[in-house]
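Thanks for coming, everyone. I'll put the structure up now, so please keep it in view while I talk.

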Amino acid sequence: MNASTVRAALLHCLLAVTLLGASLGLAQAQERKAITGTTVSLVPLTGFTPATTFAGLESASTKASLLVVELPPVAHDQLAPLFGDIDKAKANFARQNITVDDIETIETGAGPAPLITGSQQANGASYDKWIVLLKGEKTVMITVQSPDGADLDPDDIVAMLKTVSLGAPPSMAEKLKALPFTVAAAEPFRIIDTLGGSGVLMTSGPLDADPSGTQPIIVVAYQLSAPVPADKLEAGAEALLKQTKNLETAAITTRERVPFAGGSGILLAGTATDRGTEKRFAQYMAIGADGRFVRLIAIAPAGAYDGVKPGIEKVAASIAFAAK
């Protein structure tokens, strides 16, 4: 899983102050809130409160959510073509089962921004989606997701997105503190960034972005989807491994129970071929008390793996579910 793959995976997840009529009422009803661990602040809809397991907001009554994903500035040039051409948007988002209906430009506190509207089928349910792309000191993608029957007014969703403004990036310590788990880097790995307030990316080597996938990489992520029963840990871990880009045909050579995230976890390790290059991988996974899981995936060129394995094991040992 290289850095460009991580950026693509984040599309799963897809999801000023020039206020017009509806948004004036919104501003009077709610105070501006900063999204912890990000550059984003906005005026949320009534009923939306800070999420505890990702960077964004959630509504307990409607099951709707707002997810903020921040990427390096260079990512804007890579994502902007998807938001500027509806045919490209339809083709690319279709890979995530997202149907794109329209693209428009809205005025936000961060300036004009393209907004994609559409829907998605996931886990047997249907969701309306709004995805806006903004450019500040970070590339910012905000996705609002509302399940069918939530009875949210689309005009209110757009009004909320128009209130978005961008500030200075938080420190890495602030972003790590906002994660739903604790984690620490270990030599030779360093932290590149957090991912959507629910994950962290590490690498070893001179490059922060490695499109060719030549450097070792670690991704740690917390589950945002439905809970997994504890007795399904190994089956769930293998299923997720096979869904990971570049590991779909991975050969698992090791399966063992190991201590992980403060409890009993599963380790799957083995080999995979990525664009003609032999890689080795390790995946750790554990399920928390609420059925949510945390997962670490480490991938490195086969010849470099033994050299970074101690670092992988130290990072894995540092992980624990955050206290609530």
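One term before we start: pLDDT is the predictor's confidence in each residue, on a scale from 0 to 100. We need it here, since this is a predicted model. The protein chain has a mean pLDDT of 86. Of its residues, 89% reach 70 or more.

Where is confidence lowest, and where is it highest? The lowest is helix α2, residues 21–29, at a mean of 33. The highest is helix α8, residues 302–318, at 97. Look at the start of the chain as well. Over residues 1–29 the pLDDT is below 50. Beyond near neighbours in sequence, that stretch still has 79 contacts in the model.

Now the sheet. It is open and has 7 strands. Read the order with me: β3-β4-β5-β9-β8-β7-β6. The pairing is antiparallel. Which strands stand at the edges? They are β3, residues 48–50, and β6, residues 98–108. Each has a single partner strand, so one side of each is left without a neighbour in the sheet. From one strand to the next, the twist averages 25 degrees.

Let's walk through some pairs. Strand β4, residues 56–59, pairs with β5, residues 65–71, over 3 bridges. There, Gly-56 has Leu-67 in β5 as its bridge partner.

Two helices pack on this sheet. Helix α4, residues 86–93, touches β6, β7 and β8. Its direction makes about 130 degrees with that of β6. Helix α5, residues 154–162, touches β5, β6, β7, β8 and β9. For α5, the angle with the direction of β6 is about 50 degrees.

Next, β9, residues 139–147. On one side, β9 pairs with β5 over 7 bridges, in the antiparallel sense. Glu-70 stands opposite Val-140 in β9. β8 and β9 also pair in the antiparallel sense, over 9 bridges. Lys-135 has Thr-139 of β9 as its bridge partner. A hairpin of 3 residues joins β8 to β9.

Is β9 buried or exposed? Buried: 9 of its 9 residues are, so β9 is largely enclosed by the rest of the structure. In a regular strand, side chains alternate between the two faces of the sheet. Here is how β9 divides. Thr-139, Met-141, Thr-143, Gln-145 and Pro-147 point one way. Val-140, Ile-142, Val-144 and Ser-146 point the other way. Both sets are buried.

To wrap up: keep the open sheet of 7 strands in mind, with β9 largely enclosed. And treat residues 1–29 with their pLDDT below 50 in view.

Key:
Residues numbered from 1 in each chain as written. Predicted model: local features only at pLDDT ≥ 70, side-chain atom pairs only at ≥ 80, totals over all residues. Heavy atoms only, no water. Pairing = 2+ DSSP bridges. Helix = DSSP H or I, 4+ residues; strand = E, 2+ residues; numbered from the N terminus. Axes fitted to C-alpha atoms, helices over the stretch in contact; angles between N-to-C directions. Contact = heavy atoms within 4.5 Å. Buried < 20%, exposed > 50% of the residue type's maximum accessible area, 1.4 Å probe, protein only.
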